[in-house]
Amino acid sequence: MQSVSGLKLVRRYASSASTSVSDVPLTLHGIDGRYATALFTAAAKKNTLELVETELNQFKSLLTRDAGVKRFLETPILDRKLKIEGIKIILTTGSTKFSPITTNLFTVLAENGRLDHTSKLIDAYLSLMTAHRGEVNVTVTSAK
C-alpha cells in the first residue's frame, strides 16, 4: 500500500463479469451457436428464457406454415435495408407481439445479413433450453 499526501492507494484486481460462459449450459459453435448463446445470455439477464423460447417456437411454426417468409429470410439477393424493413413487418403483423429481446435478435440478424441462419439459430437456442432444464435426448433401441 502506498500513501500519497495522506491518501492510501490500494491495488485491486479486476472483478469477474456478472455472467460467465459457465452460466450457459451448453457450448455451441458456428454462427448460429454464437447468436443462440448471446440470445440465451440476454434472455437470462432479463429473466425471459421461457418467453423467448415460446416466441422462437412460434416463429419456427411460421416458417413451416409460410414458405414465402422462409424464402424471404433465405434469399441472399435481397438488399439488407429491405430485409430489415421486412423482418419488422413480419414481427409486428399477426397475432403475436414479440418481446424486445426477440425483436432485437431478428433486427441484428437482418443488419448483419444473417437471416438465412434463422432455422439453425432457433434449433440451437432450443438445444440450450433443453440443456438448461437438464433434459437429455435419448434413443432407445430394443431387440425383439
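**Exercise 1. Is D123 buried, partly exposed or exposed?**

Start with the status of the model: the structure is predicted. Next, take the relative accessible area of D123, which is 36%. Buried means under 20% and exposed means over 50%, with partly exposed in between. D123 is therefore partly exposed.

**Exercise 2. Find the salt-bridge partner of D123, then work through the other salt bridges in the structure.**

Step one: the D123 side chain meets that of K60 in a salt bridge, at 2.7 Å from N to O. This pair ties together distant parts of the chain, with D123 in helix α6 and K60 in helix α2, 63 residues apart. K60, at 32% relative accessibility, counts as partly exposed.

Step two: the structure holds three salt bridges, so there are others to track down. R133 pairs with E53, and their closest N and O atoms are 2.9 Å apart. Here too distant parts of the chain get linked: R133 sits in the segment after α6 and E53 in helix α2, 80 residues apart. E53 is buried, at 12% relative accessible area, whereas R133 is partly exposed at 39%.

Step three: R133 also meets E135 in a salt bridge, at 3.2 Å from N to O. E135 is partly exposed, with a relative accessible area of 43%. Put the shared partners together and E53, R133 and E135 form one network.

**Exercise 3. Which residues of α4 are buried, and how are they arranged around the helix axis?**

First, a sanity check on geometry. α4 has 13 residues, so at 1.5 Å a residue it should span 18 Å; its end C-alpha atoms are 18 Å apart, which agrees.

Now list the buried residues: K83, I84, G86, I87, I90 and L91. Looking down the axis of α4, they fall within an arc of 170°, so they line one face of the helix. The general rule behind this kind of pattern is that an α-helix has 3.6 residues a turn, so residues three or four places apart point the same way.

Then flip the helix over: K81, I89 and T92 are exposed on the other side of α4. As for the cover on the buried residues, it includes α2, α3 and α5.

Finally, step off the end of the helix. α4 is followed by G94, with a positive phi near 105°. The loop between α4 and α5 also holds S99, which is buried with a relative accessible area of 10%. Not counting residues up to four places away in sequence, S99 touches L51, V52 and E55.

**Exercise 4. Which helices supply the largest nonpolar core, and which one gives the largest share?**

Begin with the overall layout: the chain has six helices and two strands, running β-β-α-α-α-α-α-α from the N terminus.

The largest nonpolar core has 33 residues. Each of α1, α2, α3, α4, α5 and α6 supplies at least two of them. The largest share, seven residues, comes from α6.

Among the residues with the most contacts inside the core are L56, F59, I87 and L105. Zoom in on L105: leaving aside neighbours within four places in sequence, L105 is in contact with Y35, L39, L56 and L121.

To finish, zoom out to the whole chain. Of the contacts with a separation of 6 or more, 66% are between residues 24 or more positions apart. Of the 144 residues, 32% count as buried.

Note on methods: Residues numbered from 1 in each chain as written. Predicted model: local features only at pLDDT ≥ 70, side-chain atom pairs only at ≥ 80, totals over all residues. Heavy atoms only, no water. Core = buried A, V, L, I, M, F, W, Y, C linked by side-chain atoms within 4.5 Å. Buried < 20%, exposed > 50% of the residue type's maximum accessible area, 1.4 Å probe, protein only. Helix = DSSP H or I, 4+ residues; strand = E, 2+ residues; numbered from the N terminus. Contact = heavy atoms within 4.5 Å. Expected span 1.5 Å × (residues − 1). Arc of directions from axis to C-beta. Salt bridge = Lys/Arg side-chain N within 4 Å of Asp/Glu carboxyl O.
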